[in-house]
Amino acid sequence: VLAPAEEPASPPLPTPVREGARTVYGDTGWAITCRRTICPGKNCKNPDTFFLSRAKIKGALTLRPRQTGDAVKLPGRSRKTLKKLFIEEKIPLTRRALLPILADDAGVLAAASFGPDVSRLAQPGEEAFEIILKKE
């Protein structure tokens with residue numbers, strides 16, 4: 001089947017994440033909920049729900065599109081740039097700009113559909129932010 005190439009969608013603007021509230025990322029269908037808590041005895045390794053250490057977060061939390069050089073170390077994997085990760089996982093070019101990246105002033109905290117950066121995860125009993133990042 002031959003069809004005209006689909007143009008990549010323009011990414012939403014960076015969106016500040018409000019603590020204790022649900023934040024919607026443009027009209028992509030993605031939303032995040034962030035609340036303060038204590039990391040439970042078992043930090044779940046679910047890519048949609050995870051606990052980030054409050055001590056390891058620098059500045060404000062923001063949902064934004066990926067940027068050149070963004071990299072993440074996912075649980076059980078080596079550190080990769082988001083560009084390489086998206087190519088390996090065969091994410092269509094038209095969808096890459098629509099996947100939200102949770103970031104702070106120091107860099108990437110998590111990539112939607114993939115999960116958190118392991119260096120930012122909370123330890124059991126540590127003050128944390130519970131993050132729920134899902135497509136609705």
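## Burial and strand β8

A residue counts as buried when its relative accessible area is under 20%. By that cut-off, strand β8 of this predicted model is covered on both faces: I101 and A103 are buried on one side, and L102 and D104 are buried on the other.

Strand β8 spans residues 101-104 and is joined to β5, residues 62-64, by three bridges in the antiparallel sense. Within this pairing T62 lies opposite A103, and R64 lies opposite I101. With β9, residues 107-111, strand β8 makes four bridges, and these two strands also run antiparallel. One facing pair across β8 and β9 is L102 with A110. The two strands make up a hairpin, with two residues between them.

## Overall fold and dimensions

The protein contains two helices and 11 strands. Along the sequence the elements follow the pattern β-β-β-β-β-β-β-α-α-β-β-β-β.

The radius of gyration is 15 Å, which agrees with the value near 14 Å for a compact globule of 136 residues. Along the principal axes, the C-alpha atoms fill a box of roughly 55 × 30 × 25 Å. The exposed surface is about 7600 Å², and carbon and sulfur atoms supply 54% of it. Of the 136 residues, 43% are buried. Among contacts with a sequence separation of 6 or more, 69% involve residues 24 or more positions apart.

## Sheet and other strand pairings

Strands β5, β8 and β9 belong to an open, antiparallel sheet of five strands, ordered β1-β5-β8-β9-β10. Its edges are β1 (15-16) and β10 (115-116), each of which pairs on one side only.

Strand β11 has pairings with β3 and with β4. Nine bridges connect β3 and β11 in the antiparallel sense, and I38 stands opposite E127 of β11. The pairing of β4 with β11 is also antiparallel and has five bridges; here F50 has I131 of β11 as its bridge partner.

## Nonpolar core

In soluble globular proteins, nonpolar side chains tend to be buried together. The largest nonpolar core in this model has 29 residues, and those that touch the most other members are L52, L82, L102, F114 and I131. Two or more residues come from each of β3 (30-38), β4 (49-53), α1 (82-88), β8, β9 and β11 (127-135). The largest share, four residues, is supplied by β9.

Several of these core residues also appear in the strand descriptions above. L102 is the β8 residue opposite A110, and I131 is the β11 residue bridged to F50. For F114, contacts beyond four places in sequence are made with P47, L74, R77, L85, F86, E89, I91 and L99. That list includes the charged residues R77 and E89.

## I57 in the loop between β4 and β5

I57 lies in the loop that links β4 and β5. Its relative accessible area is 12%, so I57 is buried despite this loop position. Apart from neighbours within four places in sequence, I57 contacts L52, D104, L109, R120 and F129. Of these, L52 is among the core residues that touch the most other members, and D104 is one of the buried residues of β8.

The contact with R120 spans a long stretch of sequence: I57 and R120 are 63 residues apart along the chain, while their C-alpha atoms are 7.5 Å apart in space.

## Cysteines

A disulfide is a covalent bond between the sulfur atoms of two cysteines. A search of the whole structure finds zero of them. C34 takes part in no disulfide, and the nearest cysteine sulfur, belonging to C39, is 14 Å away. The cut-off for a disulfide is sulfur atoms within 2.5 Å, so a distance of 14 Å does not qualify.

Both cysteines are nevertheless covered. C34 has a relative accessibility of 2% and therefore counts as buried. C39, with a relative accessible area of 3%, is buried as well.

Key: Residues numbered from 1 in each chain as written. Predicted model: local features only at pLDDT ≥ 70, side-chain atom pairs only at ≥ 80, totals over all residues. Heavy atoms only, no water. Pairing = 2+ DSSP bridges. Buried < 20%, exposed > 50% of the residue type's maximum accessible area, 1.4 Å probe, protein only. Core = buried A, V, L, I, M, F, W, Y, C linked by side-chain atoms within 4.5 Å. Contact = heavy atoms within 4.5 Å. Rg over C-alpha atoms; globule rule 2.2 N^0.38 Å. Areas by Shrake-Rupley, 256 points an atom, 1.4 Å probe, with all protein chains shown as cover.
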